Each structure stands twice: as C-alpha cells, then as structure tokens.
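Me: Please take a close look at one part of this model, the largest nonpolar core. Which residues touch the most other members? Then set that core in the context of its chain.

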Amino acid sequence: MRALVAAAIGLAPVLLFVLLVSVVDLPPDGPTSPKPLLTADPGPKK
Amino acid sequence: MRRRASLVLLALAVFCAAMAPTLRWYAFPRLAKIPPNQYQETVLEAKPATLLNYSTLKAEKVEKITIIQTLKGNVEESRRIERDAGRDVVVWDALAHVTGPDGKMVSQIPERYIFDAHTQDPVHATGESVDGDPVRREGIEFKWPFLTEKRDYRYFDAQTRTSAPIHYKGTRTFRGMEVYYFEQTVPWTKVPMPKTMPVKGITPKLLADSGLTRWYTTKRMFWIEPVTGAPVNGEEIHKEELRNAKALMGRDTLTVFEGHVKMREDYIESVGEMVAANRLTVLLLVSYLPWSLTFAALLLLALALWLEARSRRPGPRPAVTPVTPPV
C-alpha cells in the first residue's frame, strides 16, 4: 500500500506537467521583424 | 528509516520513468516549433554564370550572379490564419532577388509560404502565392521537418509551381556535422514569365504576346541537419531559356541564365552556428533528457529495492552471555 502511494506521488508532477503543456500557451514570440525583404547584397555576414 | 528512504526513492524512480517518454512523445511535438517572427537572409552566388544581355540579346559569360534570399515571418498573418486553422501556423514572406555582376536586378520572385509550425506541413489559406499567383503547395519548401527521416520528401518548386519528390541520397559529413543529402532534378519545364522584368518597357504580357516561352531546368541539392531539419548547405545547377524567340531575337533559343548556384561561405558558417545551437535544444528534449531520466529511474528503483530488502532482513542475534553457575 505504501509503495502504491509512493508511485502515485511520483506520477503526480508528471500529470501536472502534461496538463501544463496542454493548457498553457507558449509565450508569444514577438512582432514581425522590421527588417525589409532584401533587394541588395547585405555584405559579409558577421 | 530505511523503509521511508526506499519509498522516497521509489517515488523519484516513478517520476523519472514517467517523465522520460512524456518529454519525448508528448512535450517535444508540442514545444518544438518554428517561431512565427523568424527573419533570415541567405546569399547565394553562381561564379561564373551565363546571363542574357537584353541590350544585345545575346547570352554572355559574367563573373558572378548573386541571389539574395530573405525569409521573413509575418506574425500578424500567422495569428489571423491560426484563428481559423486552430493550430500554430507560420507565414513566411520570401523574396528571391537576383542581381547581375553590376548589382542591378535580373529578376525577383516574391512568395508567401504558409505552414504548420510543428510539422512543417503546408497550410492552405488565402495569400499562399508565388510571384502574385495563388498556389496550393504540397510537401515542404526551404526547411525539412524536425527529426528528418531517411526518405524522399515532396518539395515545392516555385518556378514550376508544382511539387515533386526530392530524393534522400545518403548520409554525409558536412563540416564535421552528420547531414542527410537530398537531390531533386526538375526536367525542362515551361514556366511563367516573372512579373518583374529587368528592362523597363518589357512586360511579361509583351513577351507572351510575341510567342516567347520561358523554360527552366534545375538540379537542386540540399544538405540537411536531421535533428532540426535545417539546410546547412544548398546548391542548384540552374538553367533558363527563352524559346520560340526567332521572330523577336533572331534565334529560336536564348539562354537567359545558366550557372551553378552555391551558398556563400560566410552564410554557410552563420547557418552552421545557428543550427548547432538549435540542435542542442532539440536533442535535450528528444534524447539527452529522456535517456538520462530512464537511467536515473533504473538506478533509483534498484536503490529503493536494495534499501527495502535491507530493512526487511532480520537484525543480528543478541550475543549469548555465558551463564556462570552459582558457586
């Protein structure tokens, strides 16, 4: 019985994590880049 | 005390054992995605190349042709499409701008590519286009899916506006990185005239009315880092012709462009660095963490069992004290 309780305690955070991933949206990634679509060679990449 | 410790270890073992597959098969497909606001430019060059000189109407050898390719994530459009599609969507506004050795524009093709942020499957929505023409993409373009497989994929060709298989041709080592090599050959195909022409006064309609047709063939090569699905190198052996040109240009066939296009060295290095960083993040979710958790689970379980067994073992017998007979 104690072993079952221990296993349940171990499983609880995993279930919480699953719930968190399914419910919570990832943080927004920010706006569209203000940089333009290039029509000239931007030069050597730094 | 030992019994309590073994139960704690058992709980930890169960946590690790359950977390390992959860990370790999539940969290990874949901967390790994292409950000909708990505901005990336790539410069490719063909050195030397053959290019049509519109003033002499002759194909000439030139020192180099430069292709500047920009991919820009359109966040507002991706949010708009996500509301209808009900999934994470990325909208890339792309421009392939080709310049001659003098830096002047030779041609340019804008595109809008809409795809699923997690799987890279195409998403069909209003605005999906190539050079202003609506298209319906099948397969992939620009990037392969995360955890690329050793198999053929369907790849969209912007010139022909069609998709065809791109073949897996084996595993190679590119700059110390294990990559999958893919190859696609597009046979000679009649393709639309670009909407933007390099010479003022010449319009696609004017050329079409004169009976001219544009034909194109290419051999496309990609070296793909399989964990991220990102191309670390790309080359194209590209050939374009104007046919049925006798009435207008004195010859039936004119080469418009011919060259072996390769990614410029500084961009190969830059892309390589970016891919190496992203690869580590993906590997953490699909390999390093799940395997570490699996080993930890086994170790903790073994420890828990060992402690449990020790706690159940009967203690040492008390020492028998010799009974001294009464004197």
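Reply: Four residues touch the most other members of the largest nonpolar core: Leu51(B), Ile65(B), Ile224(B) and Val232(B). The core counts 31 residues in this predicted model.

Eight elements of chain B are listed as giving two or more residues to this core. Among them are strand 1 (39–53), strand 3 (65–73) and strand 8 (153–157). Strand 10 (177–191), strand 11 (213–225), strand 12 (230–243) and strand 13 (253–263) belong to the list too. Helix 5 (265–312) completes it. Strand 1 of chain B gives the most, with five residues.

Now zoom in on Leu51(B). Set aside its neighbours within four places in sequence. Leu51(B) is then in contact with Ala59(B), Glu60(B), Val62(B) and Ile65(B), and also with Gly100(B), Val106(B) and Phe257(B). Ile65(B), one of these partners, is itself among the four residues that touch the most other core members.

A second core, separate from this one, holds 26 residues. Its members include Ala6(A), Phe15(B), Leu23(B) and Ala304(B).

Next, the chain around the core. Chain B has five helices and 13 strands. Its radius of gyration is 30 Å, well over the 20 Å from the globule rule for 327 residues, so chain B is more spread out than a compact globule. The C-alpha trace spans about 140 × 40 × 30 Å along its principal axes. Buried residues account for 34% of the 327 residues in chain B. Of the contacts in chain B between residues at least 6 apart in sequence, 58% join residues at least 24 apart.

Conventions: Residues are numbered from 1 along each chain as its sequence is written. Chains are lettered from A and ligands numbered from 1 in the order in which they are written. This is a predicted model: local features need pLDDT of at least 70, side-chain atom pairs count only at pLDDT 80 or more; totals for chains, interfaces and linings use all residues. Helices (H or I, at least four residues) and strands (E, at least two) are DSSP runs, numbered from the N terminus. The radius of gyration is taken over C-alpha atoms; the globule rule is 2.2 Å times the number of residues to the power 0.38. A residue is buried if 20 or more other C-beta atoms lie within 10 Å of its own, exposed if 12 or fewer, and partly exposed in between; C-beta atoms are placed from the backbone. Two residues are in contact if their C-beta atoms, placed from the backbone, lie within 7 Å. A nonpolar core is a set of buried Ala, Val, Leu, Ile, Met, Phe, Trp, Tyr and Cys residues joined through C-beta atoms within 7 Å.
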